[in-house]
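These are my notebook entries on a single structure. I record what I looked up, in the order in which I looked.

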Amino acid sequence: MNRPSHGGNLRWAAAIAGCSPSDILDFSASINPLGPPKSAIAALRDRVRVLRAYPDPEYCQLRQALGKFHQLPPDWVMPGNGAAELITWAGRELASLDTTYLVVPAFGDYWRALEANNACVRACPIALEEHGEERNPSDELPVPLPPSGTANEIGLLLNNPHNPTGKLWSRAIVEPYLERFSLVVVDEAFMDFLPPHQQQSLIPQIREWKNLVVVRSLTKFYSIPGLRLGYAIAHPERLQRWGRWRDPWSVNTFADLVGVAVTRDTEFQQQTWDWLACARSQLKTGIEQIPGLYCHEGAANFLLVRSKCPSSQVQKILLERHRILIRDCLSFPELGDGYFRVAVRSREENQRLLAGLTDVAKTIDSPL
């Protein structure tokens, strides 16, 4: 069985651990441990009958709910089969430009979408180490800002907060690129984990910039990855073009129903914000008390950890001895075997991870 390039592959992990996939404690996928919310379950309950009909091809109720959530007209919103589908169409648009700048390390689906459309990609690496000492990414984007009036058509694909580092760039840092780039696509899949007053979303600026696309995911925050639901916010003309490219009924009926319900669930949203900051801080402190591990500061619901021991070895021992799955970073060429990523989960689950990592350190009889 091939090593997965994404988190959450429990079947692969269970084969190593010698157990059922349901026995794996998954820290590899950054999913909200508080969900799915009751509102999502209630939306599905007693609704099996809807399977007899096709989904609304326009997704009118879902688009209205998402538009209301972001104070936008519905035609500025396009639901998708997860954020991955919408990244595919963004990749097709970016490939039509002379060059696309991509901040790396980057989510593998960005490369898939760009390379499938033969895009000319210029990778812009985040500096994570300097003179052998760990440091967090700079507040500046590692992307050159071209002079005003540049003739070439250029694009930018950015993840904010950034996966896998957790770095959050401010609106003020990103906005100048809207003035100089032909197309700016910002994947804000983890932005909703921040309380509203801390978010740096560009959605409030969307009507000012026809060259701006913001992609969001509902699956991570609301813990519904099995339903595959995301959405793009952009100028209606662009979304209409994407609609002509895509397959009909990309979003299934259950995802449609749940999407409408969870966007109205202010209680679950507040519960998540109240949980995350403390849980993330406690987990970071616990990890850094284990010799040889260093955590980068992050704004999202995961932590990037530098390990002196190869992360693939740490991952294997955690699976075999503790049935815990972490996300190695082998699919990020800029990080390789020296880093791993862990989701922030409940206090009890985080303690299990810390105990497992402590045991791994003793097992290999050297600092991680």
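Is N118 buried or exposed? I worked from a predicted model, and in it N118 is exposed, with a relative accessible area of 69%. The cut-off for exposed is over 50%, so N118 meets it.

**Entry: backbone at N118 and R228.** I placed N118 in the loop between α5 and β4, just after α5. Its phi is positive, about 60°, although N118 is not a glycine. I then turned to R228, another residue other than glycine with a positive phi, here near 55°. R228 lies in the loop between β9 and β10 (230–233). At 34% relative accessibility, R228 counts as partly exposed.

**Entry: cis peptide bonds.** I looked up the bond between G35 and P36 and found it cis, with omega about 0°. P36 sits in the loop between β1 (25–26) and α2 (38–44). The bond from V104 to P105 is also cis, with omega near 10°. I located P105 in the loop between β3 and α5.

**Entry: the sheet.** I traced an open sheet of seven strands in the order β2-β10-β9-β8-β7-β3-β4, and its pairing is mixed. At the edges I found β2 (77–80) and β4 (121–125), each of which pairs on one side only. Neighbouring strands of this sheet are turned against each other by 20° on average, direction ignored. I then examined one pair within the sheet: β7 (residues 154–159) and β8 (residues 183–187) run parallel and are joined by five bridges. For G155, I noted L183 in β8 as the bridge partner.

**Entry: helices on the sheet.** Helix α5 (residues 108–116) packs on the sheet and touches β3 (99–104), β4, β7 and β8. Its direction makes about 165° with that of β3. Helix α6 (residues 171–180) also packs on the sheet, where it touches β7, β8 and β9 (212–217). The direction of α6 makes about 155° with that of β7.

**Entry: the faces of α5.** Which residues of α5 are buried? I listed D109, Y110, A113 and L114. Seen down the axis of α5, its buried residues fall within an arc of 130°, so they line one face of the helix. I recalled the general rule that an α-helix has 3.6 residues a turn, so residues three or four places apart point the same way. The buried residues of α5 pack against α4 (82–95), β3, β4, β7 and β8. On the face turned away from the buried side I found the exposed residues E115 and A116.

**Entry: S201.** I placed S201 in the loop between β8 and β9. S201 is buried, with a relative accessible area of 4%. Leaving aside residues up to four places away in sequence, S201 touches R171, E188, M191 and R216. With R216 I also noted a polar contact from side chain to side chain, at 3.4 Å.

**Entry: cysteines.** How many disulfides does the structure hold? I found zero. For C124, the closest cysteine sulfur is that of C120, and the distance of 12 Å is too far for a bond. The cut-off for a disulfide is within 2.5 Å, which is why I did not count this pair. C124 is buried, with a relative accessible area of 4%. C60, by contrast, is partly exposed, at 33%.

Key. Residues are numbered from 1 along each chain as its sequence is written. This is a predicted model: local features need pLDDT of at least 70, side-chain atom pairs count only at pLDDT 80 or more; totals for chains, interfaces and linings use all residues. Side-chain values use heavy atoms; hydrogens and water are left out. Buried means under 20% relative accessible area, exposed over 50%, partly exposed in between (1.4 Å probe, protein chains only). Two strands pair if DSSP finds at least two bridges between them. Helices (H or I, at least four residues) and strands (E, at least two) are DSSP runs, numbered from the N terminus. Axes are lines fitted to C-alpha atoms, for helices over the stretch in contact, and angles run from 0 to 180 degrees between N-to-C directions. Contact means heavy atoms within 4.5 Å. The arc is that of the directions from the helix axis to the C-beta atoms. A polar contact is a pair of N or O atoms within 3.5 Å; within protein, one must be able to donate a hydrogen and the other to accept it, and residues adjacent in sequence count only if both atoms are side-chain atoms.
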